[in-house]
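Good morning, everyone, and thank you for making time for this. Please have the structure open on your screens, since I will go through it one piece after another.

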Amino acid sequence: MSTYRDLAHRGSARATVLKTIGTRERRSHLTAPRVPTVGIDIGGTKVMAGVVDADGVILEKIRTETPDKSKSPKVVEDTICELVLDLSDRHDVHAVGIGAAGWVDADRSKVLFAPHLAWRNEPLRDAVAARLAVPVLVDNDANTAAWAEWRFGAGRGEDHLVMITLGTGIGGAILEDGHVKRGKYGVAGEFGHMQVVPGGHRCPCGNRGCWEQYSSGNALVREARELAAADSPVAHSLIDRVGGNVGDITGPLITELARDGDAMCVELFQDIGQWLGVGIANLAAALDPSCFVIGGGVSAADDLLIGPARDAFRRHLTGRGYRPEARIVKAQLGPEAGMVGAADLARLVARRFRRANRRRLERHERYERYAQAILNPSTARPTQEP
Ligand SMILES: [Zn+2]
């Protein structure tokens with residue numbers, strides 16, 4: 001970890017760079033250069049990288065496995081750099097945005113902690129930028145996904161938006177007037193660990209009764225497996241589908257059965273959705289956004305989940321009947337949202353590179369002309385020939 005002395009020692013040039021990056025990111029996306037950039041989404045199992053244009057269109061996408069948690073941080077950096085270099089063979093890359101499943105500090109240079117990777121206080125932005133020679137931006141994956149939904153998906157036109165990502169747990173992000181609200185230390189939006197049931201289910205975070213223990217993919221599967229293990233008569237079609245192996249019950253399977261009308265699976269989604277609505281009502285009391293966007297794998301259940309969530313939201317909203325109600329909508333961009341958002345955020349830091357590069361090119365051209373003139377005066381200035 002760097003000390004104050006280290007930081008001061010590196011001199012003012014570095015401080016200036018950090019300051020200008022901050023200023024540039026406060027600029028609107030509207031003034032960002034319309035150049036293609038690379039977005040990278042680092043999840044627990046897959047790393048996805050893609051070239052995305054200024055309209056959010058994915059020009060090319062590649063993916064690879066996430067390096068094992070036991071590997072050094074350098075291995076993950078290698079993976080990122082290989083993907084970017086591969087894409088830059090075929091595309092003009094102006095900046096790289098990285099959305100990581102982990103806590104990113106407020107000036108978005110360090111990953112403080114990532115549950116699936118060996119990153120602990122990892123200076124990811126500078127490490128990758130030094131190797132790729134393009135500007136790099138690092139952000140939390142829920143923030144990048146929310147950004148993408150706001151720019152190109154379900155949240156377009158909303159100036160106060162909260163995104164809730166239901167995967168194995170709950171991730172979240174807050175967007176206001178075109179800015180991601182990250183909090184003082186960069187870790188705002190960890191909605192999954194708000195306590196909704198005092199003394200409830202134990203959560204891996206160490207507390208009890210966290211929201212994500214009641215409304216997430218893990219909660220869905222846990223409840224289904226409990227019913228199946230108890231050999232409940234209502235769970236028979238589910239037990240049949242997995243041949244009696246309760247451990248094979250997965251979220252997508254429950255979603256499929258619920259869609260086919262299996263009463264127990266529909267009920268499980270009603271429970272999850274009801275808890276989702278309760279949590280959303282809490283968030284509305286604190287943040288008062290105009291729109292909640294629900295993303296992540298569990299949102300594939302669509303109205304089976306979002307219908308009960310809307311009902312519970314209306315029942316639990318403070319001041320109900322006397323205030324406008326926020327919309328609750330399903331995300332539109334699917335599993336690529338994190339990658340698209342990371343790429344689009346990276347365009348905010350792309351300008352500096354373009355300017356510096358243009359200057360470098362101009363200098364080079366001037367030098368070439370000068371060298372030409374010295375070596376070969378007759379061809380260098382044909383207009384001045386008699
Ligand atoms: Zn928790």
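Which strands does helix α5 lie across? Helix α5, residues 141–152, lies across β1, β4 and β8, and it runs at about 100 degrees to β8. Before we go further, please keep in mind that this is a predicted model.

To give you the overall setting, the protein chain has 386 residues, of which 40% count as buried, and its secondary structure comes to 13 helices and 13 strands. If we take the contacts between residues at least 6 apart in sequence, 66% of them join residues at least 24 apart.

Let us now turn to the sheet that α5 lies across. Here 5 strands form an open sheet in the order β3-β2-β1-β4-β8, with mixed pairing. The edge strands, each pairing on one side only, are β3 (58–65) and β8 (136–140), and from one strand to the next the twist averages 15 degrees. Within this sheet, β1 (residues 37–42) and β4 (residues 96–100) run parallel and are joined by 5 bridges; if you would like one pair to find on your screen, look for Val38, whose bridge partner in β4 is Val96. A second helix, α11 (residues 337–346), lies across β1, β2, β3, β4 and β8, and runs at about 135 degrees to β1.

Next, I would like to look at strand β9, residues 160–166. Is this strand mostly covered or mostly exposed? Strand β9 is mostly covered, as 6 of its 7 residues are buried. With β10 (residues 170–176), β9 runs antiparallel and is joined by 7 bridges, and the two strands form a hairpin with 3 residues between them; one of the pairs here is His160 with Glu176 of β10. With β12 (residues 291–295), on the other hand, β9 runs parallel through 5 bridges, and Met163 has Val293 of β12 as its bridge partner.

Finally, we come to a pair of helices, α6 (residues 217–229) and α9 (residues 263–287), whose axes come within 10 Å and cross at roughly 140 degrees. The two helices are therefore oblique to each other, and α6 passes α9 in a right-handed crossing. On the α6 side the contact is made by Ala219, Leu220, Glu223, Ala224 and Leu227, while α9 contributes Met264, Leu268, Asp271 and Ile272. Sorted by class, this contact of α6 with α9 has 7 nonpolar residues, no polar ones and 2 charged ones.

Definitions and conventions:
Residues are numbered from 1 along each chain as its sequence is written. This is a predicted model: local features need pLDDT of at least 70, side-chain atom pairs count only at pLDDT 80 or more; totals for chains, interfaces and linings use all residues. Helices (H or I, at least four residues) and strands (E, at least two) are DSSP runs, numbered from the N terminus. A residue is buried if 20 or more other C-beta atoms lie within 10 Å of its own, exposed if 12 or fewer, and partly exposed in between; C-beta atoms are placed from the backbone. Two residues are in contact if their C-beta atoms, placed from the backbone, lie within 7 Å. Axes are lines fitted to C-alpha atoms, for helices over the stretch in contact, and angles run from 0 to 180 degrees between N-to-C directions. Angles under 35 degrees count as roughly parallel, over 145 as roughly antiparallel, 65 to 115 as roughly perpendicular and the rest as oblique. A crossing is left-handed if the near helix is turned anticlockwise from the far one by less than a right angle, and right-handed if clockwise. Ala, Val, Leu, Ile, Met, Phe, Trp, Tyr, Cys and Pro count as nonpolar, Asp, Glu, Lys and Arg as charged, and the others, Gly among them, as polar. Two strands pair if DSSP finds at least two bridges between them.
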